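The exercises below invite a careful reading of one protein chain and its ligand. Try each task with the structure open before turning to the solution beneath it.

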Amino acid sequence: MADQTVSSLPQSIDATLALLETGGYVADRALATVLFLSLRMKRPLFLEGEAGVGKTEIAKVLASTLDRPLIRLQCYEGLDISSAVYEWNYAAQMIEIRLDEATGIADKTAIERNVFSEKFLIRRPVLQALSGQPGRAPVFLIDELDRTDEAFEAFLLEVLSDYQVTVPELGTIVAAEPPIVIITTNRTREIHDALKRRCLYHWVDYPSAERELE
Ligand SMILES: Nc1ncnc2c1ncn2[C@@H]1O[C@H](COP(=O)(O)OP(=O)(O)OP(=O)(O)O)[C@@H](O)[C@H]1O
Ligand SMILES: [Mg+2]
């Protein structure tokens, strides 16, 4: 299984460059190097740079060339757990409770166990990103992280350290295979060092004129 995981990823910096090229992405060697290392080391890639330099695009190209699902978490001010991680499907839970009552099930703990099971859990991007199978881990794009607040950043730090999330009613959900994480920011504010330390950092510049002409 481990072999399969590794073999589907590029095996060298040149192979990484070639992979990006097949996706129509113009990358310089420095970017291909840091991407190769982040894939090899299974560490998130942290991309900072001006607007329009291709930070978001690289995640899309990577997902399509590696044939992995792309899961995108677009960050914004006020992003909360229910939009980013999970939410309970209240409407479906209510219907289930009514049905249980109608059929005469009176065991409260049984009803509770039933309505707080995975069946009623709505998985938002963070939880989806932790649902990948070995060798088939998705590309998880955390886009424009600088738009969220520090509380959310702290939460992400926890997710990216252990690749797990705790849902109080269900327990801890651990990823069978960590996702390929790409974080982008436009540097409208500084991201905490603790988070950057978990990642491989790269400042994305405009490609040189020669590179673009190629
Ligand atoms: N290196 C590149 N190779 C090929 N296309 C590129 C490259 N960089 C940017 N582009 C093109 O430019 C467009 C903008 O890129 P992208 O959305 O990735 O920018 P960004 O860095 O995420 O900008 P923002 O900070 O505004 O989100 C994309 O549609 C993409 O097609
Ligand atoms: Mg972008």
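**Exercise 1.** With which residue does D14 form a salt bridge, and how far apart are the closest N and O atoms?

*Solution.* Keep in mind from the start that the model is a predicted one. Begin at D14 and look for its partner, which is R29, with the closest N and O atoms 3.0 Å apart. Next, place both residues in the fold: D14 belongs to helix α2 (residues 13-22) and R29 to helix α3, so the bridge ties together parts that lie 15 residues apart in sequence. Finally, set the pair in its wider context, since the structure holds nine salt bridges.

**Exercise 2.** Describe the surroundings of ligand 1, going from the residues around it to individual polar contacts.

*Solution.* First, list the neighbours: there are 13 residues around ligand 1, and V26, G52, T56, E57 and N186 come nearest. Second, sort this shell by class, which gives four nonpolar, five polar and four charged residues. Third, turn to the backbone, where a polar atom of G52 is 2.7 Å from an oxygen atom of ligand 1, and where a polar backbone atom of G54 is 3.1 Å from an oxygen atom of the ligand. For V53, a backbone N or O atom lies 3.2 Å from a nitrogen atom of ligand 1. As a last step, consider the cover: on its own the ligand has 630 Å² of accessible area, and the protein covers 66% of it.

**Exercise 3.** Which residues lie nearest the centre of the largest pocket, and which strand gives the most to its lining?

*Solution.* Start with the space itself, which comes to about 200 Å³ in the largest pocket. The lining of this pocket is made up of 15 residues, with Y25, V26, A27, V53 and P207 nearest the centre. Strand β9 (residues 200-204) gives the most to this lining, supplying three residues. Sorted by class, the pocket lining has eight nonpolar, three polar and four charged residues.

**Exercise 4.** How many cavities of 30 Å³ or more are counted, and what lines the largest cavity?

*Solution.* The count comes to one cavity of 30 Å³ or more, and the space in the largest cavity is about 160 Å³. Its lining consists of 15 residues, of which L39, K42, P178, P179 and I180 lie nearest the centre. Looking at the elements involved, α3 (29-41) and β8 (180-185) each supply at least two residues of the cavity lining. To finish, the classes in this lining are nine nonpolar, two polar and four charged residues.

Key: Residues numbered from 1 in each chain as written. Chains lettered and ligands numbered in written order. Predicted model: local features only at pLDDT ≥ 70, side-chain atom pairs only at ≥ 80, totals over all residues. Heavy atoms only, no water. Polar contact = N/O pair within 3.5 Å; in protein donor to acceptor, adjacent residues only side chain to side chain. Areas by Shrake-Rupley, 256 points an atom, 1.4 Å probe, with all protein chains shown as cover. Nonpolar A, V, L, I, M, F, W, Y, C, P; charged D, E, K, R; others polar. 1 Å grid on protein atoms, 1.4 Å probe; cavity = no way out; pocket = protein on both sides within 12 Å on 5 of 7 lines; lining within 4 Å. Points joined across faces, edges and corners; volume = space filled by probe spheres on them. Helix = DSSP H or I, 4+ residues; strand = E, 2+ residues; numbered from the N terminus. Salt bridge = Lys/Arg side-chain N within 4 Å of Asp/Glu carboxyl O.
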